[in-house]
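Colleague: I should like to learn how to read the chain contacts and strand pairings of a model. May we take them in turn?

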Amino acid sequence: MAAPLHTRAAGLDRTLFLVVPAALFMLLVFVYPFLYGLMLSFTPTEGGALANYIKFFTTDNLWPTIGTTLKLAMPATLINVGLAIPIAYQMRRKSPYQKWVTTILVVPITLGTVLIAEGMLTYFGPRGWLSQTLQFFHLYEGPIRLTHNYWGVLISLIISGFPFVFLLILSYITGIDPVLARAAATLGADPWQQFKQIYWPLLIPGIAMAFCLAFVQAFSVFPSAVLLGAPQGPTRVISIAAYEAAFEQYDYSLASAIAMLMGFVQLIIVAFVLGMRRVFYRGPVTGGKG
Amino acid sequence: MNTNLLARAARGLIWGVMTLFLANIFLMIAAVTTSSIARRWLGTFLPDGYTFQWYLDAWKEFQLGAVLWVTAEVVVAVVGLSLLIGVPAAYALARRDFIGKRWLMLLFLLPLMVPPITYGIPLATVFYKLHLGGTIYGVILSNMVPALPFVILVMTPFIEQIDPNLESAARVFGASTRKMFWHVLTPLLAPGILAAALLVLVRTIAMFELTFLTAGPDSQTLVVALYYAVFAAGVRAPQSIDAMAMVYMVITLIWLLIALQFVNPTQLVSRVKEQPQGA
Amino acid sequence: MKQDFSQLRLDKVTRRFAAAGAQSIAALDNMTLTVERGEFIALLGPSGCGKSTALNCIAGLLALSDGSICLDEERIDILPPEKRGFGMVFQNYALFPHMTVRRNIGFGLLMRGESSADIERKVEAVVRLVQLQGHEDKLPGQLSGGQQQRVAIARAIVIEPPLVLMDEPLSNLDAKLRLEMRAEIRRIHRELGRTTIYVTHDQDEALSLADRIVVIKDGRVQQIAPPAEIYGQPANLDVARFMGYRNVLSLDVASQADGRAQLSSPGLRLQGMIKQPLGAKAAAAIRPEELIVGDGPNAIDGKIENVEYSGRDSLLDVITPAGIRLHVRSVVHPAVGAQVRLSVPPERVLVYPAESNQ
């Protein structure tokens with residue numbers, strides 16, 4: 001891509017200076033705070049270098065947050081990815097449906113988690129439309145409990161996460177040249193074999209990527225865990241613990257340690273998933289020279 | 001045939017799930033809308049009567065005027081600064097190969113892959129140390145962390161597909177760098193810049209975590225104000241909160257509709273699209 | 001799936017596509033063709049003429065709007081592609097990028113449920129046939145264009161299909177490789193004798209490969225004939241133009257008898273062979289290489305306006321006093337501005353009715 005307009009025998013290419021402000025900004029406002037936080041986490045207000053981490057793993061309302069968060073993020077991600085693959089595959093051909101569905105699905109993403117939480121409180125609440133409808137048809141007696149508990153947060157993770165995963169996987173599926181499936185068909189592959197032999201192996205890298213991004217988002221769930229969940233109980237997720245340490249106890253050192261742990265757990269899962277996909281083939285998704 | 005029946009059942013199920021999902025989202029929005037104009041709504045299917053009183057209440061109680069002004073300031077500053085720094089960087093990345101380019105790309109990619117709350121907490125810590133925390137400058141700077149890479153990732157492939165020979169041609173015909181930039185490059189880049197600006201705008205209005213962590217009482221954007229209103233629910237009438245949610249939703253949806261005139265819906269989400277690796 | 005057949009019959013095959021508005025356009029209109037076992041048929045036409053549509057209809061990748069396709073007595077146009085059992089070579093090869101050469105070639109056999117020993121034996125045999133020994137475990141991305149082409153052909157023929165379909169298989173190769181692969185396709189067809197339908201826009205390819213050529217334009221079949229006939233006796237003016245009859249002269253019909261026509265226009269008299277029933281006006285088509293510099297029948301005087309030297313011969317632009325421009329390929333190299341006399345045997349002047357829009 002890079003074709004120099006005028007080559008110089010020596011000296012710096014002035015075009016490269018254009019990238020400097022952006023790089024500098026990222027170093028100062030993204031990398032530096034991260035490193036600062038990492039250092040800070042090892043310089044606790046009291047105790048040795050590892051005191052914050054020891055405190056995290058020995059305090060009863062801190063260390064279980066990892067499990068609590070995983071218990072929300074894992075099912076949410078699996079459901080979202082599991083639903084998105086067949087639906088996106090169904091819509092892989094360009095059609096008016098595809099355009100409409102993608103446009104509608106982008107709405108919950110842009111509205112964001114806070115608005116979804118407020119909507120869910122009204123709609124899924126014990127006196128909301130859903131509860132009333134179920135009672136009206138005698139499908140479920142008594143008020144349903146879908147807010148201020150585990151299920152409320154899980155549903156909100158699906159509402160905000162599914163469109164994201166779906167659109168991501170759809171863009172991977174539409175990136176696979178449909179002529180490959182046609183070639184398979186002329187060689188005797190029925191529709192199921194076309195999916196299994198052609199689409200599935202070529203999709204694996206994309207699915208792994210979508211899984212990672214969706215998981216990382218779900219793992220850092222914050223506003224919906226507070227607004228829709230039980231933030232002192234079953235949905236006390238790790239980001240709540242970090243927020244409380246920083247802005248309620250003003251222990252920035254502990255807060256940084258929790259943030260680092262949060263990033264670390266995400267990193268482990270991402271590394272695992274991306275490592276798994278290396279077992280499979282990753283390569284071009286178009287046939288021939290492309 | 002057996003397989004045919006199975007395929008049809010699967011297709012029906014898929015459409016069913018999709019319809020159910022979309023219907024529930026639609027009803028959720030409808031519930032908020034109804035509540036915001038309900039005089040009184042307690043356990044019945046529809047409210048007793050309708051009023052726009054709650055919007056006036058929300059305007060006064062939540063100081064929506066001030067909040068909207070702050071939101072506008074933040075969004076304009078974030079979009080403007082991100083474009084100013086991001087477009088030239090994207091140009092350099094699209095046109096030149098240099099040592100360390102892969103690392104630089106990684107640096108621009110990371111803030112989009114790491115969730116905001118993970119890096120937001122150390123970032124807020126640093127900002128409070130520097131007395132930037134709680135000010136509108138802190139909010140703008142922190143919102144630029146995902147916005148700037150987003151501009152770069154949208155613009156780089158856009159610039160790559162513009163034929164570099166056009167620039168060479170302009171130079172051969174005697175245009176200086178500045179003239180070349182204004183007369184050749186800017187008009188060609190305009191559609192890409194517009195798309196990037198709209199995408200960043202929509203995402204900044206909806207960005208909760210970073211603003212929440214760095215904003216003070218008088219530097220809250222609309223979405224953070226909405227969070228505090230929902231958080232402190234019980235103090236105020238739920239209809240008033242829903243009225244505020246409606247204001248937020250309408251603003252976001254208007255900009256989303258404008259954005260969708262110029263960009264593909266998938267562009268709002270698929271921030272990281274893997275380049276197929278050529279063999 | 002049939003292993004063998006004696007006749008493939010396309011009967012009034014039509015495919016319409018929805019166009020802007022409520023109308024639909026026929027990409028392929030009433031194509032009727034009978035292919036005998038072992039034949040090599042080329043579908044020839046400019047891009048967008050409907051030749052690929054025809055191939056996709058035969059393969060089952062496109063549904064017919066009208067008409068039928070039969071293999072002997074069995075109607076096949078209602079079957080999905082995987083039930084037809086034809087081998088197909090795609091324009092961009094459509095090799096599966098995640099499978100090795102061996103697995104790509106063996107894919108069709110695997111889908112037919114053959115044992116792995118059989119698959120291995122057959123793949124090995126066909127790899128030898130297309131001369132790809134030593135590349136079996138590479139991925140398509142690691143092969144050159146010509147090698148990918150061989151894999152695509154091997155994959156299509158290893159399943160021993162009754163019919164091999166090829167969609168512009170050489171269009172992605174450079175000129176030298178294209179000639180090489182053309183010879184390769186001829187050799188494989190000679191060795192296996194498989195019935196082949198080959199789509200191309202390149203006249204040379206069609207002439208050199210096919211037993212019969214089907215010329216298609218705007219979705220309609222123009223002519224079905226062996227290469228020599230297509231080349232020498234185009235059925236209509238469109239086919240003539242497409243086959244390189246660059247000189248098309250508009251003339252009045254003076255008289256016609258015994259299949260010959262006397263044509264005239266101010267300053268020009270020509271005698272030619274009638275190819276289609278004529279009205280008062282006619283168009284005469286002549287190849288540049290059949291106009292001879294020198295005296296003879298059908299003499300035309302003119303002035304050299306331009307000379308394009310191309311080695312063995314030159315391409316001359318000759319202008320007659322009446323202002324008619326003629327393209328001539330000639331081994332003599334006259335100078336620009338020189339007066340020349342051209343001639344052409346009446347057998348090589350093909351006379352068609354004049355086009356209505358002229």
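Modeller: The discussion below treats an interface, a sheet and a salt bridge.

Modeller: This is a predicted model, in which local features need pLDDT of at least 70 and side-chain atom pairs count only at pLDDT 80 or more, while totals for chains, interfaces and linings use all residues. Residues are numbered from 1 along each chain as its sequence is written, chains are lettered from A and ligands numbered from 1 in the order in which they are written, and side-chain values use heavy atoms, with hydrogens and water left out.

Colleague: How many residues of chain A are in contact with chain B?

Modeller: Contact means heavy atoms within 4.5 Å. By that criterion, 91 residues of chain A touch 96 residues of chain B. The buried area, that is, the accessible area (1.4 Å probe) that two parts lose on being put together, summed over both, is about 8300 Å² between chain A and chain B, and carbon and sulfur atoms give 79% of this area. Helix α4 (residues 96–123) of chain A supplies the largest share of chain A's side, 21 residues; helices are DSSP runs of H or I of at least four residues, and strands are runs of E of at least two, numbered from the N terminus.

Colleague: What is the count of salt bridges between chain A and chain B?

Modeller: A salt bridge is a side-chain nitrogen of Lys or Arg within 4 Å of a carboxyl oxygen of Asp or Glu. The count between chain A and chain B is 0, whereas a search of the whole structure finds 26 over all chains. One salt bridge joins the side chains of C:Arg128 and C:Glu124 (3.8 Å, N to O). These residues are separated by about one helical turn, because they are 4 residues apart in helix α4 (residues 116–129) of chain C.

Colleague: In which order do the strands of the open sheet of chain C lie?

Modeller: Strands of a sheet pair through backbone hydrogen bonds, either parallel or antiparallel. Two strands pair if DSSP finds at least two bridges between them. The open sheet of 6 strands in chain C has the order β6-β7-β8-β3-β9-β10, with mixed pairing. Its edge strands are β6 (87–89) and β10 (220–225) of chain C, each pairing on one side only. Within chain C, β3 (residues 40–44) and β9 (residues 212–217) run parallel and are joined by 4 bridges; C:Leu44 has C:Val215 as its bridge partner in β9(C).

Colleague: Which strands pair with β1 of chain C in the antiparallel sense?

Modeller: Strand β1 (residues 7–18) of chain C is joined to β2 (residues 24–36) of chain C by 9 bridges, with C:Leu8 opposite C:Val35. β1(C) also pairs with β4 (residues 66–71) of chain C over 5 bridges, where C:Leu10 stands opposite C:Ile69.
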